[in-house]
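Reader: Please teach me how to read this model, one feature at a time. I would like the general idea and then the case at hand.

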Amino acid sequence: MRNRALYGALRDFALETAALLTDDVRAGAEVEFDVIDQAGRRGPALYQYKPRTEAFLAERWPRLRELPTCPAASAELGSGSQLWMRVNGGAARVTGEQAEPALRAMLERLYEDATSFGFPEERFERIYREVESTLYRDAQAGRVVAPLRGVAIEAERVDLGDGLSLVRGETVDAPAEAVWPENGDGEPAVLCVLERDVTADDGITSGEAEERFTRVVSVLRLWAPGRIGLGAPGWRRTDEGPWQALPFGGGAAVGDGGWFLPRGEEAGLREFFEAIERADPPQHVAWARGRFELACERADVDALSDHLLGLRALLDATNDAGEASLALRVAALCAEEGRRRLVQRRVESAIALERFVMGGGPHSWPDGDSPVELVAEVEGHLRAMLRDVLCGYLDGDLKGVADDILLETNPEPFVEIRARDMREPEPEPEPEPEAEPEPEPAAEAEQDTAEMEAVAVQPELEGVTQSADWGFDDPEDFSAPV
């Protein structure tokens with residue numbers, strides 16, 4: 001088998017086709033027959049009943065092409081034909097829609113002269129071998145392998161798509177140096193394998209293999225914790241030729257690894273790999289992922305600053321205000337409401353540990369607060385945020401998302417908030433000089449009344465009321481003539 005993806009896609013489509021056609025026959029659909037006269041000129045009349053399978057399939061082709069497996073089968077068939085066209089001088093790209101006639105012809109071959117539509121296993125295998133012999137008649141099988149340090153899988157093989165796979169070394173034909181690398185743990189290594197059909201002049205280059213294997217390691221680090229890396233060297237082979245060493249891989253030494261994929265999670269890992277490969281994150285998310293990769297190459301506390309830089313980039317903690325609220329926003333995104341206070345304090349401890357490592361913190365670190373555990377927790381928070389953003393579960397504006405969560409849940413305040421006027425006080429105005437008091441006016445001298453003539457007092461008249469405006473010395477002030 002040269003192309004596992006093509007084989008799987010065509011087989012899945014054939015199985016779904018068999019189920020649909022069988023259901024139609026059970027519902028009353030009938031296959032028409034042509035009557036063919038095979039009698040000779042002198043012999044008796046002989047007739048052959050030939051089922052009109054092509055017409056039966058053509059009538060149902062609009063429904064068959066709507067099956068979920070049809071697009072994948074057409075795409076793989078079109079992709080497989082690319083090599084055939086390169087070998088035979090063609091350059092045009094075959095789309096899935098253009099490959100549909102070939103897919104329909106395969107079904108006609110599969111059910112030729114059939115009156116029932118169960119899945120014919122043996123006939124499918126024979127037809128698929130014919131397809132491969134046509135597509136890959138002048139092709140060569142190219143393969144590159146490299147050991148993955150620190151990785152363990154329970155299944156024998158995990159297909160990641162587009163020719164990439166993870167394979168347990170003891171189950172595949174590979175050089176002993178790759179299966180049992182130097183400085184290994186004594187167990188067969190898991191190999192990262194790239195397989196592709198190539199022409200004699202167009203093989204798998206060392207640069208292409210290293211780039212794709214490095215992306216696999218990056219996705220595995222996002223999938224689960226564990227100190228892993230790409231081993232060295234890589235090995236390349238074409239058809240049954242000798243293995244050739246390729247100068248790539250290596251890097252920083254890793255510890256015991258601890259990355260393990262249990263059986264049953266292969267499909268989930270492949271979907272995750274495809275989602276990360278399709279992701280087109282904003283610049284700050286891509287930068288944070290780069291810091292995460294650098295941290296994965298370091299050991300324990302040496303990785304702390306890279307992890308914290310990744311968190312600061314994701315949560316826009318690039319100023320004093322953002323740094324002060326970093327732990328609170330991490331807790332909002334990575335913990336349920338009841339555990340946010342604990343997570344916040346742990347992130348604050350990690351920030352204090354960073355200052356301690358740089359020499360700007362306390363003179364000694366508390367024995368009960370394990371630095372290794374703090375680094376692992378911060379790594380887990382950064383990994384979770386990157387996964388959710390790259391897979392499209394969270395928006396790239398994680399700062400806004402965290403603030404929205406805090407506003408919606410309205411929990412008790414995590415910190416005491418104090419307001420302070422940061423404005424510079426204005427200078428007090430100089431006091432104005434007091435005005436001199438004005439001198440009091442001199443008191444008027446009292447008039448000497450000793451020499452004044454006495455004034456006779458007018459006697460009050462009976463029955464007449466004295467007015468306040470009356471003057472006793474003016475005759476006109478009296479009501480009666482004088």
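**Reading the strands, helices and buried residues**

Author: Let us begin with a single pairing: in strand 8, glycine 229 is the bridge partner of arginine 149. The model is predicted: local features need pLDDT of at least 70, side-chain atom pairs count only at pLDDT 80 or more, and totals for chains, interfaces and linings use all residues. Residues are numbered from 1 along each chain as its sequence is written, while side-chain values use heavy atoms and leave out hydrogens and water.

Reader: How many helices and strands does the protein chain have?

Author: The protein chain has 15 helices and eleven strands. Both are DSSP runs numbered from the N terminus (helices: H or I, at least four residues; strands: E, at least two).

Reader: Which strands does strand 3 join, and in what sense?

Author: Two strands pair if DSSP finds at least two bridges between them. Strand 3 (residues 140-149) runs antiparallel to strand 7 (residues 190-198), with nine bridges joining them. One of the residue pairings here sets alanine 141 against aspartate 197 in strand 7. With strand 9 (residues 234-238), strand 3 shares four bridges, also in the antiparallel sense. There, valine 144 has arginine 236 of strand 9 as its bridge partner. Strand 8 (residues 229-230) is antiparallel to strand 3 as well, over two bridges.

Reader: Now the helices. At what angle do helix 9 and helix 10 pack?

Author: Two packed helices are described by the angle between their axes and the distance between those axes. Helix 9 (residues 283-296) and helix 10 (residues 304-314) pack at about 170 degrees, with axes 8 Å apart. The axes are lines fitted to C-alpha atoms over the stretch in contact, and angles between N-to-C directions run from 0 to 180 degrees. Helix 9 and helix 10 are therefore roughly antiparallel (under 35 degrees is roughly parallel, over 145 roughly antiparallel, 65 to 115 roughly perpendicular, the rest oblique). Their contact (heavy atoms within 4.5 Å) includes Trp287, Arg291 and Phe292 from helix 9, and Asp306, Leu309 and Leu314 from helix 10.

Reader: What angle do helix 7 and helix 14 make?

Author: Helix 7 (residues 206-223) packs on helix 14 (residues 371-390) at about 115 degrees, and the axes lie 9 Å apart. That makes the two roughly perpendicular. On the helix 7 side, Arg221, Leu222 and Trp223 make the contact, meeting Arg383, Leu386, Arg387 and Leu390 of helix 14.

Reader: Is glutamate 354 buried or exposed?

Author: The test is relative accessible area: under 20% is buried, over 50% exposed, and partly exposed lies in between (1.4 Å probe, protein chains only). Glutamate 354 belongs to helix 13 (residues 340-358), and at 8% it is buried. Leaving aside residues up to four places away in sequence, glutamate 354 touches Leu304, Ser305, Leu308 and Arg312.

Reader: And where is serine 74 found?

Author: Serine 74 sits in helix 3 (residues 70-87). Serine 74 has a relative accessible area of 2%, so it is buried. Arginine 104 is 30 residues from serine 74 in sequence, with 9.8 Å between their C-alpha atoms.

Reader: How many disulfides does the structure hold?

Author: Zero, where a disulfide is a pair of cysteine sulfur atoms within 2.5 Å. Cysteine 70 is buried at 1%, and cysteine 296 counts as buried at 12%.

Reader: What share of the protein chain is buried?

Author: Of its 482 residues, 36% count as buried. Among contacts between residues at least 6 apart in sequence, 68% join residues at least 24 apart.
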